[in-house]
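Here are some short exercises to help you find your way around a new structure. Try each task yourself before reading the solution below it.

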Amino acid sequence: MSMSTRSNDSELKASTVIHSMDDNQGQHQRRILKQWVAIVTKVWHNIRTDEVTQWRCAAILFVSSLAIFHSHIDVGLAKLWTYLTTSSGLWARWFRHDHWEWLLAVACFNVYFHSFLLADRAVLKASQNGKDHPLRKHRLQDRFLAQQHHQKLQKRQQAGEDVDINETPPMVTKHSPWHAGGYVGELWVYMVPLFIWDKLDPRRHRLIARFGAPTTLQICRDVTRSLLMYDLLFFCGHVLMHKIPFINRKIHAKHHTTTEVRSGDTVRLSVIEQVLEVGFSIVAIRTLKCHPVSRSIYNAIITFLLTELHCGFDFPWTPQNVIPFGLATGSRRHHYHHRNGRHYYQKFFCHVDRLFGFVQKDDDTLLGDSVKPLHQIKDKVSWPKETA
């Protein structure tokens with residue numbers, strides 16, 4: 001075979017190998033492109049159809065806006081601080097008043113309590129009229145009883161009975177009594193000592209004088225650290241309240257009067273427990289030297305989180321659904337805690353509970369399902385057609 005022939009054969013083989021490599025590379029790129037298209041399509045489908053995904057996108061947009069526009073927000077915060085510390089306007093004078101923080105907390109509590117109360121009443125009224133309110137599927141007591149009803153039907157079917165596995169649960173659910181005693185009891189136990197303390201030691205002017213204008217990062221840092229510290233302090237106290245029978249009977253039992261909690265049960269507390277909870281919050285914001293504006297925002301947020309914890313609803317926009325990886329405790333897990341008297345001793349987060357094993361296992365039981373979001377248990381709950 002001549003040299004030119006061998007050279008042509010080598011060039012042909014090399015060309016074939018190169019074309020083969022190009023084809024393989026092209027196929028690999030096409031596979032990657034298809035995978036990305038599938039991912040984007042799935043995400044877009046979730047954004048269009050899944051409420052939780054929509055709220056997560058809104059949360060990401062909000063946090064991103066704080067990060068991107070923080071310098072512009074800081075300018076606005078500087079103007080706000082000047083107004084709050086120098087103006088003779090009503091809101092500025094209230095902000096500088098010694099009673100400001102606890103009055104803000106009381107006002108927020110009242111707004112949150114009665115918002116969830118109205119939702120409760122709307123569901124109950126619709127049920128009594130033979131209708132299924134759209135909010136009913138978010139109400140934890142109704143959801144739990146529907147799961148329980150479905151489980152009983154399954155057991156009867158397994159026992160050989162002829163039952164309709166899709167039979168709907170009873171329309172009307174018996175609601176636990178609203179804690180009206182909070183208006184005449186716990187409210188004054190909270191307000192009167194703080195009122196007296198403010199009168200004996202007027203100190204807010206000294207607190208405000210120590211700070212300049214806040215920044216976006218400072219407020220976010222103060223609020224996040226304060227919530228984490230409060231949550232850790234509460235966890236320690238809460239575990240002791242459950243593990244030591246004497247403390248449980250004398251201090252914590254009142255809070256566990258009902259197993260199906262509603263927003264008013266947030267303040268169903270003994271005097272000692274109320275002092276401890278307020279004390280944990282004060283220790284957190286004072287230890288971390290939070291800015292006065294941060295403290296106000298913290299009060300508005302923590303009162304919402306406390307109320308949401310006991311509200312008896314699992315809405316898609318609540319932190320337990322929006323924050324990923326199950327890092328937030330939320331109403332589902334706290335409702336479990338009230339039903340069973342164990343696990344989930346943290347209020348807002350779940351990392352310490354997981355560290356100590358104070359969580360319900362995902363064992364496909366009614367208890368395990370009760371801490372799952374609605375979309376994971378839809379096949380185990382039969383709801384009447386929504387006509388409200």
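**Exercise 1. Find out how many cavities of 30 Å³ or more the whole structure holds, and describe the lining of the largest one.**

Step 1. Keep in mind that you are looking at a predicted model. A search of the whole structure turns up 1 cavity of 30 Å³ or more.

Step 2. For the volume, the largest cavity holds about 30 Å³ of space.

Step 3. Now list its walls: Asp 120, Arg 139, Gln 141, Val 261, Arg 262, Cys 311, Gly 312 and His 335 line the largest cavity.

Step 4. Sort that lining by class, and you get 2 nonpolar, 3 polar and 3 charged residues.

**Exercise 2. Take Val 261 and work out whether it is buried or exposed, and which residues it touches.**

Step 1. Locate the residue: Val 261 sits in the loop between helix H11 (245–252) and H12.

Step 2. Check its accessibility. The relative accessible area of Val 261 is 3%, and buried means under 20%, so Val 261 is buried.

Step 3. Look for partners, leaving out residues up to four places away in sequence. Val 261 then touches His 310, Cys 311, Gly 312, His 335 and His 338.

Step 4. Compare sequence with space for one of these partners: Val 261 and His 335 are 74 residues apart in sequence, and their C-alpha atoms are 6.9 Å apart.

**Exercise 3. Explain why Cys 57 forms no disulfide.**

Step 1. Begin with the total, which is 0 disulfides in the structure.

Step 2. A disulfide needs two cysteine sulfur atoms within 2.5 Å. The closest cysteine sulfur to that of Cys 57 belongs to Cys 220 and is 20 Å away, so the gap is too far for a bond.

Step 3. Try Cys 236 in the same spirit. Cys 236 is in no disulfide, and the nearest cysteine sulfur, in Cys 350, lies 15 Å away.

Step 4. Add the surroundings: Cys 57 is partly exposed at 32% relative accessible area, and Cys 236 is partly exposed at 41%.

**Exercise 4. Describe the largest nonpolar core and name the helix that gives the most to it.**

Step 1. The largest nonpolar core has 33 residues, and those touching the most other members are Phe 95, Leu 227, Tyr 230, Tyr 298, Ile 302 and Phe 348.

Step 2. Several helices supply at least two residues each, including helix H3 (70–86), helix H5 (100–128) and helix H10 (216–243). H5 gives the most, with 7 residues.

Step 3. Zoom in on Leu 227. Apart from neighbours within four places in sequence, Leu 227 is in contact with Tyr 298, Ile 301, Ile 302, Leu 305, Phe 348 and Phe 349.

Step 4. For background, nonpolar side chains in soluble globular proteins tend to be buried together.

**Exercise 5. Describe the linings of the largest pocket and the second largest pocket by class.**

Step 1. The largest pocket holds about 1200 Å³ of space. Of its 37 lining residues, Phe 62, Val 63, Leu 227, Ile 301 and Ile 323 are the closest to its centre.

Step 2. Its lining divides into 27 nonpolar, 7 polar and 3 charged residues, and H2 gives the most, with 8 residues.

Step 3. The second largest pocket holds about 1000 Å³. It is lined by 48 residues, with Trp 102, Tyr 190, Leu 194, Val 278 and Asn 299 nearest its centre.

Step 4. By class, the lining of the second largest pocket has 22 nonpolar, 12 polar and 14 charged residues.

Key: Residues are numbered from 1 along each chain as its sequence is written. This is a predicted model: local features need pLDDT of at least 70, side-chain atom pairs count only at pLDDT 80 or more; totals for chains, interfaces and linings use all residues. Side-chain values use heavy atoms; hydrogens and water are left out. On a 1 Å grid over the protein atoms alone, a cavity is a set of points where a 1.4 Å probe fits but cannot get out, and a pocket is an open set with protein on both sides within 12 Å along at least five of seven lines; lining residues have an atom within 4 Å of a point. Grid points are joined across faces, edges and corners, and a volume is the space filled by probe spheres set on the points. Ala, Val, Leu, Ile, Met, Phe, Trp, Tyr, Cys and Pro count as nonpolar, Asp, Glu, Lys and Arg as charged, and the others, Gly among them, as polar. Buried means under 20% relative accessible area, exposed over 50%, partly exposed in between (1.4 Å probe, protein chains only). A nonpolar core is a set of buried Ala, Val, Leu, Ile, Met, Phe, Trp, Tyr and Cys residues joined through side-chain atoms within 4.5 Å. Helices (H or I, at least four residues) and strands (E, at least two) are DSSP runs, numbered from the N terminus. Contact means heavy atoms within 4.5 Å.
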